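Colleague: Walk me through reading a model like this one. I would like to start with a single residue and then move on to helices.

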Amino acid sequence: MSGMKILEEVAKKQFGAVSRQQVVAALVHRSSIASKVKTGQLERVHELAYRLRGAPETWQRRGFEALFIGGDGSALSHQTAAWLHGLDGFVCPKLIDVSVLGSAPRPVPSVRFHRSEEGPGRVVFRRTLPVTSLERTIVDIAGELSAEELELALDSAQRRYRQFGTWLDREIKDLKPRQYPGLSMLLDLLKVRRSGPTDSALEVKVLRKLRDAGLLAHLTQYEVYDLNGDSVMRLDFCWPHLKVALHVDGFRWHAQRERFDRDARQRSRLSALGWRTVTVTFNTFADGSWLNDLLTLLNPQSVLALQ
């Protein structure tokens with residue numbers, strides 16, 4: 001098999017990108033490499049990265065090229081990894097984050113390198129690309145986000161994997177805050193999130209408002225049963241001793257007609273058991289009226305404190 005055929009086979013798995021190391025191994029002679037570049041069969045992206053002629057413009061190809069420039073032991077990280085892990089609040093990035101082992105390469109347009117003495121840590125694969133683990137990603141992005149953005153990301157990680165808390169504890173136990181910007185904020189956030197993950201990004205925003213209002217004596221994801229012991233519904237937030245419930249209706253979750261009808265039936269049964277409820281949606285969250293209504297149910301006098 002010719003050297004170019006070997007490269008083509010390798011490039012198929014890398015969306016058209018190949019490393020200099022792979023090029024040298026396939027073509028052997030530098031003169032042969034120069035010839036392929038001159039004829040356009042190979043395009044030199046960087047001294048450490050090439051692409052084959054006709055390779056389609058894809059995000060994955062750019063990701064592989066960035067990794068090749070980063071060198072052995074590199075992995076996609078930070079906000080790029082957060083997007084690849086599917087965390088709330090992240091979209092396909094224009095700037096590719098790469099954690100590298102040892103010294104960082106010279107600056108490259110559209111790539112941001114993060115130097116680390118110990119490397120990127122545990123690596124997983126997303127869309128065939130090596131990516132920092134979910135727990136390391138949360139630590140890395142903590143220094144780049146606001147408290148609310150970090151909580152949205154943290155909550156979505158906890159929602160995806162029940163064992164995530166254990167992974168994160170193991171990741172941060174020996175880390176020093178001065179070495180990781182944002183670690184102190186992450187630790188503080190973990191202290192106030194003892195009730196665990198919510199069911200949606202909107203619930204995270206609601207939870208933060210409840211904390212700001214001093215309404216911490218509540219339960220999340222609380223199951224209500226009728227007098228026969230049959231389940232009535234699970235409540236997003238509630239104060240059982242007062243029989244007050246707060247429903248958080250995200251559009252994606254409640255846009256389905258079947259679920260909408262089921263929730264209506266469940267809430268009617270809940271009302272029959274003496275529960276009083278407040279509902280907040282994406283459209284009503286911003287005006288804050290739901291919080292005043294809730295405070296009125298919990299303590300008619302407390303609403304005066306917000307006025």
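Modeller: Start with Thr128, which sits in the loop between β7 (123–126) and β8 (129–132). Keep in mind that this is a predicted model.

Colleague: Is Thr128 buried, exposed or partly exposed?

Modeller: Partly exposed is the label for values between 20% and 50%. Thr128 has a relative accessible area of 46%, so it is partly exposed.

Colleague: Which residues does Thr128 touch, leaving out those up to four places away in sequence?

Modeller: Lys13, Phe15 and Phe64. Look at Gln14 too: Thr128 and Gln14 lie 114 residues apart in sequence, but their C-alpha atoms are 8.2 Å apart.

Colleague: Now helices. How do I describe a packed pair?

Modeller: Use the angle between the two axes and the distance between the axes. Here, helix α10 (residues 201–212) packs against helix α14 (residues 289–298) at about 55°, with the axes 12 Å apart. That angle makes α10 oblique to α14. Their crossing is right-handed.

Colleague: Which residues make the contact of α10 with α14?

Modeller: α10 supplies Val206, Lys209 and Leu210; α14 supplies Trp290, Leu291 and Leu294. Five of the contact residues are nonpolar, none is polar and one is charged.

Colleague: What about helix α7: how far does it reach from its first C-alpha to its last?

Modeller: 20 Å for 14 residues (147–160), close to the expected 20 Å.

Colleague: And what covers the buried residues of α7?

Modeller: The cover includes α6 (134–141), α8 (164–172), α9 (183–192) and α10. Among the buried residues of α7 are Leu150, Glu151, Leu154, Asp155 and Gln158.

Notes
Residues numbered from 1 in each chain as written. Predicted model: local features only at pLDDT ≥ 70, side-chain atom pairs only at ≥ 80, totals over all residues. Heavy atoms only, no water. Axes fitted to C-alpha atoms, helices over the stretch in contact; angles between N-to-C directions. Helix = DSSP H or I, 4+ residues; strand = E, 2+ residues; numbered from the N terminus. Parallel < 35°, antiparallel > 145°, perpendicular 65-115°, else oblique. Left-handed = near helix turned anticlockwise from the far one by under 90°. Contact = heavy atoms within 4.5 Å. Nonpolar A, V, L, I, M, F, W, Y, C, P; charged D, E, K, R; others polar. Expected span 1.5 Å × (residues − 1). Buried < 20%, exposed > 50% of the residue type's maximum accessible area, 1.4 Å probe, protein only.
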